[in-house]
Structure formats: C-alpha cells, structure tokens
Amino acid sequence: METLSQIMKSIYGYLWGMPMLVVLLGTHLYFTVRLGFIQRKIPLGIRLSFSKKEAGDDGISPFSALATALAATIGTGNIVGISAAIAIGGPGAVFWCWLTGVFGIATCYAECFLSAKYKIRRPDGSYTGGPMYVMEKVLHQKSAAVVFAVSTILASLGMGSSVQSHSICAAVQVEFPISPSIIGIIAAVLVGAVMLGGAKQISKVCTYLVPFMSVFYFGGCLFLIWINRAYLGAALAVIVKSAFTSKSVFGGLAGTAVMVGMRTGISKGLFTNEAGLGSIPMTAAASRTSSPVKQGIISMTGPFWDTVVMCAITGIAIVSSMLSEPGIYIGAADDQLCFLAFEKLPVGGSTMLSVSLVLFAYASIIGWSYYGECAVQYLWGNKKILPFRIAYIAAVYLGAVMSLDLVWTVSDLFNSFMAIPNILCIWMLRKVVIRETGASFGSVRGGGR
C-alpha cells in the first residue's frame, strides 16, 4: 500500500507540477486578453444571476445553477487551504492565489459558454451538458469524453464525498468528542436526504445553504479584521510585498522564497476556484438561461466569489492577526493558522470556524454529488443513478472513519484527468468562444434576450 501511495504521489506531482500550473495560468491569461478582459463584466454577471426573466419549469434558475457550482467550489480549501498556503509560501501566497482567481474568471467563462451552447434537452424538458458532451458531440472525441466522465465520478467519490466527510469529522471533533462512526452516519443521512431528491432538490438546498454559510463565515472574517484593524494596512502591504521579496516578516517567523510563495499561491488558487477543471460547466448547462454568453457571464462569478472574495478575506484576516500577535504563530502547524486567528474573536471563535468548516464541507459534498450524477448519466443514462447515489452515500460514511491519505492523492490525480481533456477542448474551440462572445456583447449588455 505504501508503494502504491508513493507511485500515485509521484504521478500526481508530475501532472500537477509546474507544467500543469503553466498550462492553466497560460489559458487564463490567453482568454483574459482575447476576450478583452471579460472580468470587467462581473457586476453584470452578479446582476444577471439574480434575474427572474428566465422563467419556466425547464431546467434550474441561473442563481440555482451558480449556487450549486459554488457549493462544490467553496470548500474547506478556502479556509484550511489558505492557512496552509500562508504557512508554506508566506503572506505573498495570498496575492498569487487572488491574482490566479482574477485571471481564472476568463477560463471559467469560456468553458461554461461552451457547455451552455451545446447543452442537451432531456425528454422532461430539463437540460444537461458539460465538457463530455462538447467533446463527443462537437469535437467527436468520444474517448476523451469517457475519460473525463469516469474521472469525474471517481473524483466525486474521493474528493467530493470521502475527503470532505473526513473534514467534517475533524472539525466536529475539535469541539465535541463524538465517535467518527456517529458523525459518518449523520453526515451520510443528511447527504442522502438531499441526493435522493434529484438535481432540483440539490440545487434548491444549495440555493439556501451557500448564501447562509458564506455570509456566516464572511461575517466572522470581517469581525476579525475589525479587531485587528490597526494592522489592516500593514497586512495588505505585507501580502503584496511578500509576493515579490523573500524578506523575513512577523519577527521570528522565517521568510519564504518568492518562487515558493508564487507556486503555492497559484496552485491553491487553481485548485480552489476549479476554473479549467470542467466541473462548473455541468451546472451552467443545467440552467435554463437562453443565451450561452449570458450563462457564461453568470457562471464566471463563481471564481470571483470563491477566490477573489472568500480566499482574499481569509488571507487578510489571518495575516492581520499574525501581525498583531506574531509570537503565537511560530511553529504552528500549517492548517492551524486559521484556528489561531479565529481564537481572537471575543466569543466562540474556534466554534464558529468549526461550524464554517462543517458547512463548507457539507456543501461541497452536495455540489460534487451533482457532478458525479451528470457523469453517470452521460455514461449509462438514468439506470445507474441509484447505484451511484448509494455508493456516494457510503463513501460519505467511509470518509469519516478511514484514513484518507491515498484517497486524497488519487482524487487529485483524477482531477488532473478531468482538467487535461477539458483544457484541450477549450483550446480547440477557442475561436467559437471568442467570435460569438464578441458578436453577442451588445444584447447582453442591455440585458436583452
């Protein structure tokens, strides 16, 4: 088992090494330039996501589609992941993570545009789609579509369910000495209650859960920043300066090389916002929005909320807290910086963070269950949906009671098997994205159909 784990880690290290980071970041930059910095349309995307013009029972609303994508995207990586990024790469990692999120918005638009353009209407009037449909129907690359779909299923069973359930167990046990089996059973029941209701039930739960958990956590971060407001300016300066210099900060805390901070921040940013991974387009295709350009603009607000807002506010809250009391952070574990920061809240800071981690992980489980179902339906139709749901719910329980080092590595590996064909698909159809986006901006700008 140890040998297998080392082999998997070696493959993962190669696939998610500098070549993959360069390809993803290069794709982000390319579409940012060729689409005329489409990130400037974020305010329009936010407004359109709340639009009620797309009425009807066929498909899910634009906001529900966005909420489902955010449920899967906004996860524990926004908290613990940023904590680890700062510990490993220094405060500058926050800057590079944020910048990656800004550029990733363009790639997210491109992949969601394609899935919305080539989505399939089901007999019941609802819609489905995603990169696998684009690969098969447009590019005629059935084998690539199958690889993507199978990888999506396996990633959902690993990272989407087991790993997130393990995070729930760890967060709960910080506050309460409850058996992992009990936590696993409760988590499995709560997930099953939502999954068995189908796609519309998943989107309905996400529509309420995502805003609540985001505001809850965001409010805690703002309060923490307010407590450390005397260090806010210094925190922002340190984050920017540390992105370009390896000078030591925080007193005795060792400085980190610029390249380490850059690599750590970029990799965390690419992981957490999922731009280019091919997951978010599956929810974009399910939306009943009439225009693929409009849906792309709505969907690209996902990386904005996830990385540009949530990861940034986490990083600022932690760094400002570190500046106020640098001594307590020396020698702290990578994933403990966030807990040390939240302990500065007057009442229940640690509990608030644990609750946030549980909510974020639960939302990720729900969101990734939808991705897994989309892939199952593409490969085998509705007849395999129920077996997948049973396997997914079982994976939620197993995640709470098992050691998941190998599962985590394998899940990351399958993420790369999703990203590679998806990125190739986007590049092969880049002219379609650029041409139709330019031709459609006039009507979208006016909010017309």
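**His140**

I started with His140 and asked whether it is buried or exposed. With a relative accessible area of 61%, His140 is exposed, because the cut-off for that class is over 50%. I'm working from a predicted model here, so I read every value as computed from that prediction. I then looked up where His140 sits: the loop between α7 (131-137) and α8 (142-175). Its backbone caught my eye, as His140 is not a glycine and still has a positive phi of about 60°. I noted the background too: most residues other than glycine have a negative phi.

**Glu274**

I found another positive phi at Glu274, also about 60° and also not at a glycine. Which loop holds Glu274? I traced it to the one between α12 (258-273) and α13 (280-286). Glu274 has 5% relative accessibility and therefore counts as buried. So I have His140 down as exposed and Glu274 as buried, each in a loop between two helices.

**The chain overall**

I stepped back for the totals. How many helices and strands does the chain have? I get 20 helices and two strands. Of its 449 residues, 58% count as buried. The exposed surface comes to about 17500 Å², and carbon and sulfur atoms supply 67% of that. I also checked how far apart in sequence the contacting residues are. Taking contacts between residues at least 6 apart in sequence, 85% join residues at least 24 apart. I picked a few residues to see such links one by one.

**Ile153**

I went to Ile153, which is in helix α8. Ile153 has 10% relative accessibility, under the 20% limit, so it counts as buried. What does Ile153 touch, once neighbours within four places in sequence are set aside? I listed Gly372, Ala375, Val376, Leu379, Trp380 and Phe388. I also took the C-alpha separation between Ile153 and Cys374: 8.8 Å, with their positions 221 residues apart along the chain.

**Ser354**

Next I looked at Ser354, placed in helix α17 (residues 349-380). Its relative accessibility is 4%, so Ser354 counts as buried. Leaving out neighbours within four places in sequence, I found Ser354 in contact with Ala171, Val174, Glu175 and Phe339.

**Gly399 and Met262**

I looked up Gly399 in helix α18 (residues 385-401). Gly399 comes out at 0% relative accessibility and so counts as buried. Its C-alpha atom is 9.8 Å from that of Ser181, although the two are 218 residues apart along the chain.

Met262 took me back to helix α12. Here I had to check the class: at 22% relative accessibility, Met262 is over the 20% limit for buried and under the 50% limit for exposed, so it counts as partly exposed. I paired Met262 with Gly89, where the C-alpha atoms are 7.3 Å apart and the sequence positions differ by 173 residues.

**α11 against α15**

Then I turned to helix packing. I described each pair by the angle between the axes and the distance between them. At what angle do α11 and α15 pack? Helix α11 (residues 232-242) and helix α15 (residues 301-324) pack at about 110°, with the axes 9 Å apart. That puts α11 and α15 roughly perpendicular to each other, because the class runs from 65 to 115 degrees. I have the crossing of the two down as right-handed.

For the residues involved, I wrote down Leu232, Ala234, Ala235, Leu236, Val238 and Ile239 on the α11 side, meeting Gly315, Ile316, Val319, Ser320 and Leu323 on the α15 side. By class, that contact has nine nonpolar, two polar and no charged residues.

**α14 against α15**

I checked α15 again, this time with helix α14 (residues 292-299). Their axes come within 4 Å and cross at roughly 5°. An angle under 35 degrees counts as roughly parallel, so α14 and α15 go into that class. Which residues meet here? From α14 I have Ile297, Ile298 and Ser299, and from α15 I have Thr301, Gly302 and Pro303. The class count for this contact is three nonpolar, three polar and no charged residues.

Last jotting on α15: roughly perpendicular to α11, roughly parallel to α14, with no charged residues in its contact with α11 and none in its contact with α14.

How values were computed. Residues numbered from 1 in each chain as written. Predicted model: local features only at pLDDT ≥ 70, side-chain atom pairs only at ≥ 80, totals over all residues. Heavy atoms only, no water. Axes fitted to C-alpha atoms, helices over the stretch in contact; angles between N-to-C directions. Parallel < 35°, antiparallel > 145°, perpendicular 65-115°, else oblique. Left-handed = near helix turned anticlockwise from the far one by under 90°. Contact = heavy atoms within 4.5 Å. Nonpolar A, V, L, I, M, F, W, Y, C, P; charged D, E, K, R; others polar. Buried < 20%, exposed > 50% of the residue type's maximum accessible area, 1.4 Å probe, protein only. Areas by Shrake-Rupley, 256 points an atom, 1.4 Å probe, with all protein chains shown as cover.
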